[in-house]
Each structure stands twice: as structure tokens, then as C-alpha cells.
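Q: Please take a close look at how the helices pack in this model and how that packing relates to the nonpolar core. A connected account at residue level would be appreciated.

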Amino acid sequence: MDDKTKNFIGLDDELKKAKAAIMQVPYDKTTTYIHGTSLGPAAILDASKYLELYDDELNQETFKIGIHTMAPLDVEKLSSEEMVEKVYLATLELLKTGKFPVMLGGEHSVSVGAVKAFKEMHPNISVLHLDAHNDLRDEYFGSKLNHGCAARRISEMCPVVQVGTRSMSKEEKDFLASQQDGKVKTISVYDILDTPMWKDKATNNLTENVYISIDLDVFDPAIMPAVGTPEPGGLGWYEALDLLKDVSKDRKVVGFDVVELCPIKGQIASDFFAAKLVYRLLGYVFPTKK
Ligand SMILES: [Mn+2]
């Protein structure tokens with residue numbers, strides 16, 4: 001790609017020399033309310049050009065790790081099953097060359113393919129899932145790969161710790177209550193309000209290797225309105241960053257995704273928010289100082 005405008009933070013590091021690889025999965029088939037998440041990856045890349053390369057919280061220039069931006073995966077016309085397979089193969093290829101994948105969605109079902117690849121490379125993996133929704137439906141609108149089923153599919157592969165949830169169906173509540181193996185742990189916003197040590201609780205339930213999946217609707221819509229299914233009363237910016245910082249320190253984060261940005265025309269704050277979140281989290285995972 002020679003067009004720098006299509007690269008994260010406007011830089012174009014060769015894949016060979018880069019530690020991190022930005023994947024774009026502009027897929028939006030099964031969203032149920034407002035459509036537009038397929039425009040998410042491009043909006044994040046566009047906004048990322050205006051980030052300061054120096055991170056003033058971390059006192060480091062995270063870009064020096066080398067960040068390569070992959071061309072968007074051609075998924076728009078695919079079925080959910082085909083898309084998941086394509087994401088799986090693309091993620092696996094990156095992991096095999098030792099790169100740290102960062103995936104930009106797209107609707108949440110894109111994470112299912114990524115986790116499948118991570119599970120293959122890191123058997124002892126768990127997923128930290130930040131979301132307003134539990135996404136634990138077994139099937140939704142006739143599809144097992146609807147974005148409302150993402151965490152259910154992931155929980156069939158590895159343990160999941162959900163944080164920030166505040167909207168679920170009775171079916172999902174019953175599923176959580178009926179689990180024999182307790183593979184899914186949920187720390188809802190109500191738990192966060194009641195439990196001062198909620199961040200420790202989240203971290204303690206994660207295995208050594210962690211994949212982080214961030215549905216942007218985990219944040220309060222007052223600060224992150226550009227999502228397809230907004231739910232009032234979500235996490236604040238510093239609250240979420242504190243958790244991500246802790247987890248990055250105490251566990252080995254092997255990859256992450258930021259999904260469900262549904263850009264609002266003319267409202268750039270959300271796009272920039274998502275871009276900064278990606279860059280800050282990369283900084284937590286790759287501290288340049290001891
Ligand atoms: Mn959600």
C-alpha cells in the first residue's frame with residue numbers, strides 16, 4: 001500500500017520489521033439495529049493520523065516497535081462462516097511469523113475467527129471481552145455467527161471473562177446460570193459498582209495468555225456514541241484503561257481487537273477515541289521502558 005492515508009498513525013513500516021500488524025475486517029452482515037460497522041476500520045485509520053506519536057501517559061514513542069497496516073480483508077460479500085474462516089487464516093499466518101495482530105472491526109463476529117487462530121498457537125489462552133452485551137446467544141436471527149453470539153462461540157474454544165455488560169436476554173442469563181464448567185465469568189456494570197476490587201477479579205480469572213476483544217459499546221455512549229447498539233451507563237475512559245493496563249502488566253497479551261465502531265458522519269470524536277484506544281493499548285502491551 002503506497003497511500004499513507006490508509007495506514008495506522010500515517011506510518012508505513014514494512015511487515016518484516018514491524019512487531020504489530022493492523023488487520024482490517026470491514027464486515028457488517030448481522031448487526032441488528034444501526035448498520036455501518038464496515039466503515040469502522042477506515043475511520044479508525046483516518047483518525048489515527050492525527051494522534052501524537054509520543055504517548056504522554058507512558059512517556060514513550062510506541063510507534064518505534066514498528067506497526068504495519070495490512071490491506072483490508074475482502075470479506076464484505078462473504079457469508080459469516082466464510083468470513084470467520086478468512087479471518088482465521090489471515091490471523092494464523094500473522095501469528096506464525098511472530099507478529100502481534102491488532103484487528104479492527106467490523107461487527108463482533110470477526111473476533112470468532114481470530115480467537116480460533118490464537119487458540120491454535122496458544123492453547124492456554126483466555127479472552128478478556130469488554131462489551132455492553134454478553135453476546136452469549138446460541139443463535140440469533142437464524143445464525144450461530146450473528147454478532148450477538150460472538151462470546152458464546154468463543155467460549156466453546158476457551159475461557160471468557162466479560163466486563164462491563166449491562167444488557168442480556170433471559171436465555172443468556174439462564175446459560176450463565178447453567179454452566180457446569182464456569183467457562184464464562186461475567187463482571188457486569190452492577191458488579192463493578194458493588195466491587196471495589198473488580199479489576200483484580202477480572203485479571204485473576206484470566207489464564208497466562210490473554211486475547212482482548214473490545215466492543216466499543218462497553219463505553220458509556222456519552223463518550224462513545226458511534227456504536228450500532230448503544231447502552232447507557234457504560235465504562236469511562238480511565239476506568240477501562242486502568243483495567244487494560246493491569247491486565248497487560250499481569251498477563252501476556254498476545255493480541256487484541258477493537259470492534260463495532262459505527263462512524264457517525266461529521267462526529268470525529270468517536271473515531272479518534274477508537275484510534276487512541278488502539279495506540280494506548282499497544283503501548284501497554286509493548287512498554288519501551290522497564
Ligand atoms: Mn456489544
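A: The account below takes the nonpolar core, then two helix pairs, and then a single leucine.

The model is a predicted one. Its largest nonpolar core holds 81 residues, and among these M23, L128 and V278 touch the most other members. The helix that gives the most to this core is α9 (residues 269–285), with 10 residues. For M23, once neighbours within four places in sequence are set aside, the contacts are M70, L73, A90, P101, V102, M103 and L104.

V278 leads to the packing of α9 against another helix, since V278 is one of the α9 residues in contact with α1. The axes of α1 (residues 40–48) and α9 come within 8 Å of each other and cross at roughly 75°. Because an angle of 65 to 115 degrees counts as roughly perpendicular, α1 is roughly perpendicular to α9. On the α1 side the contact is formed by A43, I44, D46, A47 and S48, and on the α9 side by D271, F272, A274, A275, V278 and Y279. Sorted by class, this contact comprises eight nonpolar residues, one polar residue and two charged residues.

The second pair is α2 with α3. Helix α2 spans residues 80–96 and helix α3 spans residues 110–121; their axes come within 7 Å and cross at roughly 40°. That angle makes α2 oblique to α3, and the crossing is right-handed. Helix α2 contributes V84, E85, K86, V87, Y88, T91, L92 and L95 to the contact, while α3 contributes V110, V112, G113, A114, K116, A117, F118, E120 and M121. The residues of this contact divide into 11 nonpolar, two polar and four charged.

The last site is L176, which lies in helix α5 (residues 170–178). Is this residue buried, exposed or partly exposed? L176 has 17 C-beta neighbours inside 10 Å and therefore counts as partly exposed, because a buried residue needs 20 or more and an exposed one has 12 or fewer. Apart from neighbours within four places in sequence, L176 is in contact with L136, V184 and T186. Between the C-alpha atoms of L176 and V161 the separation is 12 Å, the two residues being 15 apart along the chain.

In summary, α9 gives the most residues to the largest core and crosses α1 at roughly 75°, whereas α2 and α3 cross at roughly 40°.

Methods: Residues are numbered from 1 along each chain as its sequence is written. This is a predicted model: local features need pLDDT of at least 70, side-chain atom pairs count only at pLDDT 80 or more; totals for chains, interfaces and linings use all residues. Axes are lines fitted to C-alpha atoms, for helices over the stretch in contact, and angles run from 0 to 180 degrees between N-to-C directions. Helices (H or I, at least four residues) and strands (E, at least two) are DSSP runs, numbered from the N terminus. Angles under 35 degrees count as roughly parallel, over 145 as roughly antiparallel, 65 to 115 as roughly perpendicular and the rest as oblique. A crossing is left-handed if the near helix is turned anticlockwise from the far one by less than a right angle, and right-handed if clockwise. Two residues are in contact if their C-beta atoms, placed from the backbone, lie within 7 Å. Ala, Val, Leu, Ile, Met, Phe, Trp, Tyr, Cys and Pro count as nonpolar, Asp, Glu, Lys and Arg as charged, and the others, Gly among them, as polar. A nonpolar core is a set of buried Ala, Val, Leu, Ile, Met, Phe, Trp, Tyr and Cys residues joined through C-beta atoms within 7 Å.
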